Amino acid sequence: METIDWKNLPFGYIKTDYNLRSVFKNGKWGDIEVSSSEYIDIHIAATGLHYGQEAFEGLKAYMGKDGKIRLFRWEENAKRMISSANGVVMEPFPVEMFKEALFRVIQLNKKYVPPYGSGATLYVRPVLYGSGAEVGVKPGSEYTFIIFVTPVGPYFKGGVVPVNMIISRDVDRAAPMGTGTFKVGGNYAASMRAIVAARKGGYSNTLFLDAKEKKYIDECGPANFFAIKNNTYITPDSKSVLPSITNKSLCELAKDMGLKVERRHIEVDEIESFEEVGACGTAAVITSIKTIVDPDFGKTYNFCKDGNPGPVSTKLYNKLTAIQFGDEPDKFGWITVVE
Ligand SMILES: Cc1ncc(COP(=O)(O)O)c(C=O)c1O
């Protein structure tokens with residue numbers, strides 16, 4: 001293992017020692033096998049390649065001050081992967097097998113869990129795809145589950161430094177009755193033109209609006225959107241955003257802190273009335289947004305005028321990360337220690 005600069009890790013891929021795999025064939029899931037190869041053999045007619053039968057997850061393992069490795073609400077990821085599998089008609093990977101694979105892949109790659117205090121974490125990436133051969137659009141009869149890990153730094157560069165976003169009206173990430181609520185590769189493929197254009201323009205990411213009316217805020221690239229106003233945590237109610245586990249947790253934390261919580265449509269016009277806005281997700285944690293540019297209407301909305309995240313976002317960030325790293329007791333029952 002080359003020496004890793006834990007404090008300056010990007011959000012990217014670094015090779016670790018082992019990954020695990022299981023194949024669904026002849027009507028059942030096979031044993032979970034350990035591999036040290038970064039490659040897979042894939043049938044040239046696999047449905048995952050041709051028809052997008054693919055789903056993935058993303059969760060993190062956190063090293064505590066006490067040397068214990070913690071997982072945050074992992075069952076939610078296991079369940080969401082089942083929902084995503086059903087969404088593109090794949091064989092779901094059972095929760096119990098997910099748990100076994102998740103714990104084993106972390107234990108096998110323990111030395112890659114970044115140290116407490118570095119701000120970095122071990123990102124866990126489960127992926128499921130149609131590996132059976134079909135030509136003609138129909139679900140495959142074989143599926144492969146793989147789980148690998150890689151140490152990561154913050155997704156949005158600068159960590160807690162507020163970022164800027166651009167509204168994209170010329171690209172839809174997901175349709176209202178489409179696959180937006182599933183974590184399937186096709187949604188990310190669909191979002192890439194907008195993300196690349198945003199980055200070229202000097203923005204950190206893009207703010208997607210609802211595909212039908214282009215009237216409401218959907219989500220921020222690979223993260224959910226939230227806003228704070230009048231002691232209220234507000235987040236979009238939409239049929240085309242990923243149900244974020246982080247966002248769901250922030251709703252509970254906000255309530256616990258005495259804020260009101262509203263999950264409802266958010267019109268673009270409402271942006272200027274917000275006190276704080278941000279993106280949230282496993283990778284993003286809470287990333288405050290300092291500027292939202294709406295190029296079609298020549299508008300710029302500014303937040304974080306002193307250059308720092310707002311007080312409510314900061315409080316939520318501190319609370320969430322304290323629970324994840326085990327600095328504060330977990331009264332919600334969200335944490336599992338990897339023994
Ligand atoms: C499109 C999208 N939205 C939101 C999120 C945040 O979800 P979570 O908090 O479960 O990581 C993610 C990341 O998984 C995502 O890819």
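User: Let's begin with two helices. At what angle do H2 and H3 pack, and how far apart are their axes?

Analyst: H2 and H3 pack at about 125°, and their axes are 10 Å apart. Keep in mind that this is a predicted model.

User: How do I turn that angle into a word?

Analyst: Angles from 65 to 115 degrees count as roughly perpendicular, and those over 145 as roughly antiparallel. The angle here falls in neither range, so H2 is oblique to H3. The crossing of these two helices is right-handed.

User: Which residues of H2 and H3 meet?

Analyst: On the H2 side you'll find Trp74, Asn77, Ala78, Lys79, Met81 and Ile82, and they meet Val95, Phe98, Lys99, Leu102 and Phe103 of H3. Sorted by class, that contact has eight nonpolar residues, one polar and two charged.

User: Can we try another pair? How do H5 and H6 pack?

Analyst: H5 covers residues 245-256 and H6 covers residues 311-324; they pack at about 110°, with axes 10 Å apart. That angle makes H5 roughly perpendicular to H6. The crossing of H5 and H6 is right-handed.

User: And which residues of H5 and H6 meet there?

Analyst: H5 brings Thr246, Ser249, Leu250, Leu253 and Ala254, while H6 brings Leu316, Lys319, Leu320 and Ile323. By class, the contact of H5 with H6 counts six nonpolar, two polar and one charged.

User: Now rings, please. How many aromatic pairs does the structure hold?

Analyst: There are 14 aromatic pairs. To read a pair, check the distance between ring centres and the angle between planes: over 60 degrees is edge-to-face, under 30 is stacked. Take phenylalanine 72 and tryptophan 334: they sit 5.5 Å centre to centre with 80° between the planes, an edge-to-face pair. This pair links distant parts of the chain, 262 residues apart, with phenylalanine 72 in strand S6 and tryptophan 334 in the loop between H6 and strand S18.

User: Are phenylalanine 72 and tryptophan 334 buried or exposed?

Analyst: Both phenylalanine 72 and tryptophan 334 are buried. For a stacked example, look at phenylalanine 93 and phenylalanine 145, 3.7 Å centre to centre with 10° between the planes. They too join distant parts of the chain: phenylalanine 93 is in the loop between helix H2 and helix H3, phenylalanine 145 is in strand S8, and their positions lie 52 residues apart in the count. Phenylalanine 93 and phenylalanine 145 are both buried.

User: Which residues do ring pairs link into a cluster?

Analyst: The cluster takes in Phe24, Trp29, Trp74, Phe93, Phe98, Phe103 and Phe145.

User: What about single residues? Why does arginine 73 count as buried?

Analyst: The cut-off is what you need: buried means under 20% relative accessible area. Arginine 73 is at 9%, so it counts as buried. Its place is in the loop between S6 and H2. Leaving out residues up to four places away in sequence, arginine 73 touches Ile245, Lys248, Ser249, Glu252 and Trp334. You've already met Trp334 in the edge-to-face pair.

User: How far apart are the C-alpha atoms of arginine 73 and threonine 300?

Analyst: They are separated by 37 Å, and along the chain the two residues are 227 residues apart.

User: One last residue: where does threonine 235 lie?

Analyst: Threonine 235 lies in strand S13, residues 232-236. At 0% relative accessibility, threonine 235 counts as buried. Beyond four places in sequence, its contacts include Phe225, Phe226, Asn247, Cys251 and Glu262.

Technical notes. Residues numbered from 1 in each chain as written. Predicted model: local features only at pLDDT ≥ 70, side-chain atom pairs only at ≥ 80, totals over all residues. Heavy atoms only, no water. Helix = DSSP H or I, 4+ residues; strand = E, 2+ residues; numbered from the N terminus. Buried < 20%, exposed > 50% of the residue type's maximum accessible area, 1.4 Å probe, protein only. Contact = heavy atoms within 4.5 Å. Axes fitted to C-alpha atoms, helices over the stretch in contact; angles between N-to-C directions. Parallel < 35°, antiparallel > 145°, perpendicular 65-115°, else oblique. Left-handed = near helix turned anticlockwise from the far one by under 90°. Nonpolar A, V, L, I, M, F, W, Y, C, P; charged D, E, K, R; others polar. Phe/Tyr/Trp six-rings, centres within 6.5 Å; stacked < 30°, edge-to-face > 60°.
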